[in-house]
Amino acid sequence: MMKKLLGATLMAAALVGVTAVSSLAQTLKIGYIDSVKIFAENKETQAAEAVYRGDVQQWEAQKQRYEADLAKMGDELNAQSPMLSEEKKAERRLEFQRKMDEYKKFMEDTFGDNGLAAKRNKELTQPIVDKINKLVETIAKEQGLTMVFDVANANIVYADKSLDLTELVLTKLRGQQ
């Protein structure tokens with residue numbers, strides 16, 4: 001008798017589980033975008049990219065001037081080294097090192113992870129990204145989509161907030177501590 005009751009209970013639970021998964025599969029509607037294509041074909045993005053390329057060209061020209069100056073200083077130091085006193089050699093090496101440090105600082109400040117180039121790129125593209133994301137959200141809601149992926153980088157661009165499990169996971173994690 002107990003086995004029959006347990007078997008019936010398991011069968012009922014399995015049926016409820018299958019029904020829930022089937023129901024979820026029917027209501028889950030997913031879409032995707034290709035942000036690379038959107039960016040490539042968007043006039044605003046093209047204009048922002050042209051501005052960014054102009055800025056980068058100026059920074060590259062400045063970088064090349066630094067490199068030319070350093071090369072010239074190094075060549076002069078090597079050529080004149082036999083004729084210079086130890087004191088003058090040390091002075092010139094120190095001057096060369098200062099210029100090299102200045103160059104390194106310029107490179108980090110301009111092309112580093114948080115440099116001018118990265119900031120300028122974000123400044124130019126973030127409003128466009130925000131606009132596209134807002135548009136994707138509007139389209140997703142109009143079409144009843146649950147989630148929208150970006151195939152270019154496998155990110156979720158839009159998701160129905162009811163699918164967000166973050167707080168549930170955090171609550172359970174807090175309960176385990």
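Begin by selecting Asp55, Arg120 and Glu123, which a network of salt bridges links together. The model on display is a predicted one, and the tour proceeds from this network to other charged pairs, then to the chain as a whole.

**First stop: Asp55 and Arg120**

Keep Asp55 and Arg120 selected and display their side chains, which meet in a salt bridge with an N to O distance of 2.6 Å. Next, colour the two helices concerned: Asp55 belongs to helix α3, residues 43–80, and Arg120 to helix α5, residues 116–142. The two residues are 65 apart, and the pair thereby links distant parts of the chain.

Now add the surface around this pair. Asp55 has a relative accessible area of 17% and is buried, because the cut-off for that class is under 20%. Arg120, with a relative accessible area of 22%, is partly exposed.

**Second stop: Lys99 and Asp69**

Remain on helix α3 and select Asp69, then add Lys99 of helix α4, residues 86–111. These residues form a salt bridge in which the closest N and O atoms are 3.6 Å apart. With their positions 30 residues apart in the numbering, Lys99 and Asp69 also link distant parts of the chain. Asp69 is partly exposed, at 36% relative accessibility.

**Third stop: Lys88 and Glu91**

Move along to Lys88 and Glu91, both in helix α4. Their salt bridge places the closest N and O atoms 3.6 Å apart. How many residues separate the two within the helix? They are 3 residues apart, which means a separation of about one helical turn. With the surface shown, Lys88 is partly exposed at 39% relative accessibility, and Glu91 is likewise partly exposed at 43%.

**Final stop: the whole chain**

Clear the selection and show the chain as a cartoon. It contains 6 helices and 3 strands. Tracing the sequence from its start, one meets the elements in the order α-β-α-α-α-α-β-β-α. The salt bridges visited above belong to a total of 11.

Switch to a surface view to finish. The chain has 177 residues, of which 21% count as buried. Its exposed area is about 13,600 Å², and carbon and sulfur atoms supply 58% of that area. If contacts are displayed as well, consider those between residues at least 6 apart in sequence: 63% of them join residues at least 24 apart.

Definitions and conventions:
Residues numbered from 1 in each chain as written. Predicted model: local features only at pLDDT ≥ 70, side-chain atom pairs only at ≥ 80, totals over all residues. Heavy atoms only, no water. Helix = DSSP H or I, 4+ residues; strand = E, 2+ residues; numbered from the N terminus. Buried < 20%, exposed > 50% of the residue type's maximum accessible area, 1.4 Å probe, protein only. Contact = heavy atoms within 4.5 Å. Areas by Shrake-Rupley, 256 points an atom, 1.4 Å probe, with all protein chains shown as cover. Salt bridge = Lys/Arg side-chain N within 4 Å of Asp/Glu carboxyl O.
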